[in-house]
Amino acid sequence: MTSGKDAMGEQPIFTCKAHVFHIDPKTKRSWIPASATAVNVSFFYDSTRSLYRIISVEGTKAVINSTITPSMTFTKTSQKFGQWSDIRANTVYGLGFSSEAELNKFIEKFQEVKEATRLATAKATSNGTSGTTPVTSANASPITARAAMPDPAPLLDPPPHNNTCTSPAPTHMDNEGHQRTQSISGLQPGESPKHQPTENVKPTPVMAAAPATASGETQLKYENDRLKLALAHSSANAKKWEIELATLKSNNMRLTSALQESTANVDEWKRQLHSYKEENQRLKSKYIELEAAKGGSEAAVELRKELATLRLRVEQLEVELKNKDEELKRISIKQPHEERCKILQQENAELQAGVSLAQAQLETALEAHESQRRVMETLNSQFALRIQELATIHREISTALQS
């Protein structure tokens, strides 16, 4: 099956690499990059309609589709940058090359093609046909082609861009020695122009006028290609959004699982805090019993051990609460459910208050233990004094008995 380019008889005659820019349609004073990197820029000759076009495609997007007319002028604005205005496309194209030599090659080919277009137009006029190019640019509709011509494009400064360009696209020789060059201008992937033997001879424009229906067929083909390109873009965007949606769902499930785990941990800490409160109450009761009984040294040692154990558990609980607080902060940043995060933060604050209360109770128990120790020391001192008094009385009685 013959592709659209083959049916139209278009052949590539020159290819180079350059960065493509379009003039800003709003300000008309600055450049907008049309290609992300240096892309192939090719001159094509359509023998059926006797016209030349400059075409460049990046991926599936046509960044240049300009039909050459005798009135076009390519202006060199710097050593590596040049521009031309396409009135029918209602835009200004800019090309940035990697060297001045590549730019000069493009300018020579542009002048050559422009001169060939002028000669073809002049011959068509002498044969009684219209003096204008029969087909408008592929970027413009018949209505815009008939619109009033805009003002000449201003000469803008080259954009600050590291332009790169390579030599013309490599050519390949088939078994018969015919030169073939891959087309890059097709709007559909896989399309290429019809290969014809060149034998180092440049194509000559066909001077016969195109039939009246050629313009309509070309416009229909252009519209069909444009719709296919838009459909391809839409399919690509739909796939991209499906992938992003799946990623968001996965992240949401992961965050929800982390939030549920955090909630379970908070419940467990609540149960631990309740048990610590009960244990603290039991210690208080035991301390009151010991204080009432003025217990001996064994009870004091046991109380010290329990107090040390309680202090260690309180420190462990503080570390766990601190780690959980940091985890809740991280989850609150990632989790979009702000209300749930606020509830968790409130519960965390309650846990911290419970820890503070337990710590205060521990301090109270320690103070009571210290008070008991002071009381026992006082009793011990009094007991020692009584023993000394008894010893003194014993010595006095012994002395009296001996005398």
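**Exercise 1. Find the ring that lies under the charged end of lysine 240, and give the distance to its centre.**

Solution. The charged end of lysine 240 sits over the ring of tryptophan 241, 5.4 Å from the ring centre. The rule asks for NZ of Lys or CZ of Arg within 6 Å of the ring centre and within 35 degrees of the ring normal.

A note on the source: this is a predicted model, in which local features need pLDDT of at least 70 and side-chain atom pairs count only at pLDDT 80 or more, while totals for chains, interfaces and linings use all residues. Residues are numbered from 1 along each chain as its sequence is written, and side-chain values use heavy atoms, with hydrogens and water left out.

**Exercise 2. Describe the protein as a whole: helices and strands, buried residues, contacts and surface.**

Solution. Step one: the protein has six helices and ten strands. Both are DSSP runs numbered from the N terminus, helices being H or I with at least four residues and strands E with at least two.

Step two: of the 403 residues, 34% are buried. Buried means under 20% relative accessible area, exposed over 50%, and partly exposed in between (1.4 Å probe, protein chains only).

Step three: take the contacts (heavy atoms within 4.5 Å) between residues at least 6 apart in sequence; 68% of them join residues at least 24 apart.

Step four: the accessible surface is about 24400 Å², and 55% of it belongs to carbon and sulfur atoms. Such areas come from the Shrake-Rupley method with a 1.4 Å probe, and for residues only the protein chains shown count as cover.

**Exercise 3. State how many salt bridges there are, then place the one between arginine 271 and glutamate 268.**

Solution. A salt bridge is a side-chain nitrogen of Lys or Arg within 4 Å of a carboxyl oxygen of Asp or Glu. The count is ten salt bridges. In one of them, arginine 271 meets glutamate 268 at 2.3 Å, N to O. These two residues are about one helical turn apart, because they are three residues apart in helix 4 (residues 214–293). Arginine 271 is exposed at 52%, whereas glutamate 268 is partly exposed at 32%.

**Exercise 4. Decide whether lysine 324 is buried or exposed, and name the glutamate that it pairs with.**

Solution. Lysine 324 forms a salt bridge with glutamate 327, the closest N and O atoms being 3.5 Å apart. Both residues lie in helix 5 (residues 297–334), three residues apart, or about one turn. Lysine 324 has a relative accessible area of 1%, so it counts as buried. Glutamate 327 is partly exposed, at 24%.

**Exercise 5. Follow the salt bridge of glutamate 377 into its network.**

Solution. Glutamate 377 bridges to arginine 373, with 2.3 Å between the closest N and O atoms. About one helical turn separates the two, because they are four residues apart in helix 6. Glutamate 377 is partly exposed at 42%, and arginine 373 is partly exposed at 29%. Through shared partners, salt bridges join Glu370, Arg373, Arg374 and Glu377 into one network.

**Exercise 6. Locate isoleucine 393 and the surface patch that it helps to make.**

Solution. Isoleucine 393 belongs to helix 6 (residues 338–402). Its relative accessibility is 43%, so isoleucine 393 counts as partly exposed. Together with Leu390, Ile397 and Leu401, Ile393 makes a nonpolar surface patch of about 440 Å². Patches are made of residues with over 30% relative accessible area and no salt bridge; like charges are joined within 9 Å and nonpolar side chains (Val, Leu, Ile, Met, Phe, Trp, Tyr) within 5 Å.
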